[in-house]
Amino acid sequence: MFIIPVIIIISLTMYIYYKVRILRMDHIIEQYYANSKARIALGLFVTAFGVNEYIYYQTRISLFIGILFIILGVYNITFGWKSKNYHRQKYQEYQVSPKNES
């Protein structure tokens with residue numbers, strides 16, 4: 001079960017990367033697009049952490065905590081995916097339009 005800790009580390013790293021990247025962006029559409037990617041990474045982190053919680057401890061309480069983390073993680077992944085698809089269209093329109101419009 002080496003893959004789950006690797007997924008946890010990579011998804012946490014991607015979450016931090018996108019959150020820091022938001023601070024360097026100027027336009028709000030770019031920020032929303034990066035935030036939805038960060039939400040997907042956070043959902044993957046929470047889901048993998050919930051799976052790892054149950055695999056490592058294998059008790060009844062860790063099962064309930066793991067199920068709760070999995071539900072929250074899947075919710076974040078689906079909401080982030082829908083948000084990413086919505087903001088991707090706006091982001092592509094922003095990239096095509098002139099940058100210096102006021």
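I began at the end of helix 2, where Gln58, just after the helix, takes a positive phi of about 55°. Helices here are DSSP runs (H or I, at least four residues), numbered from the N terminus.

I noted the basis of the work: this is a predicted model, in which local features need pLDDT of at least 70 and side-chain atom pairs count only at pLDDT 80 or more, while totals for chains, interfaces and linings use all residues. Residues are numbered from 1 along each chain as its sequence is written, and side-chain values use heavy atoms, with hydrogens and water left out.

I checked the length of helix 2. Its 30 residues should span 44 Å at 1.5 Å a residue (1.5 Å times one less than the number of residues), and the end C-alpha atoms are 43 Å apart, which agrees.

I then examined the packing of helix 2 (residues 28-57) against helix 3 (residues 60-96): the angle is about 160° and the axes are 7 Å apart. Axes are lines fitted to C-alpha atoms over the stretch in contact, with angles from 0 to 180 degrees between N-to-C directions. The angle makes the two helices roughly antiparallel (over 145 degrees).

I looked up the largest nonpolar core, a set of buried nonpolar residues joined through side-chain atoms within 4.5 Å. Its five residues are Ile4, Ile8, Phe45, Val46 and Ala48. Helix 1 (3-23) and helix 2 each give two or more residues, and helix 2 supplies the largest share, three.

Finally, I inspected Thr47 in helix 2. Thr47 has a relative accessible area of 16% and is therefore buried (under 20%, 1.4 Å probe, protein chains only). Its C-alpha lies 9.1 Å from that of Ile77, 30 residues away in sequence.

How values were computed: Parallel < 35°, antiparallel > 145°, perpendicular 65-115°, else oblique. Buried < 20%, exposed > 50% of the residue type's maximum accessible area, 1.4 Å probe, protein only.
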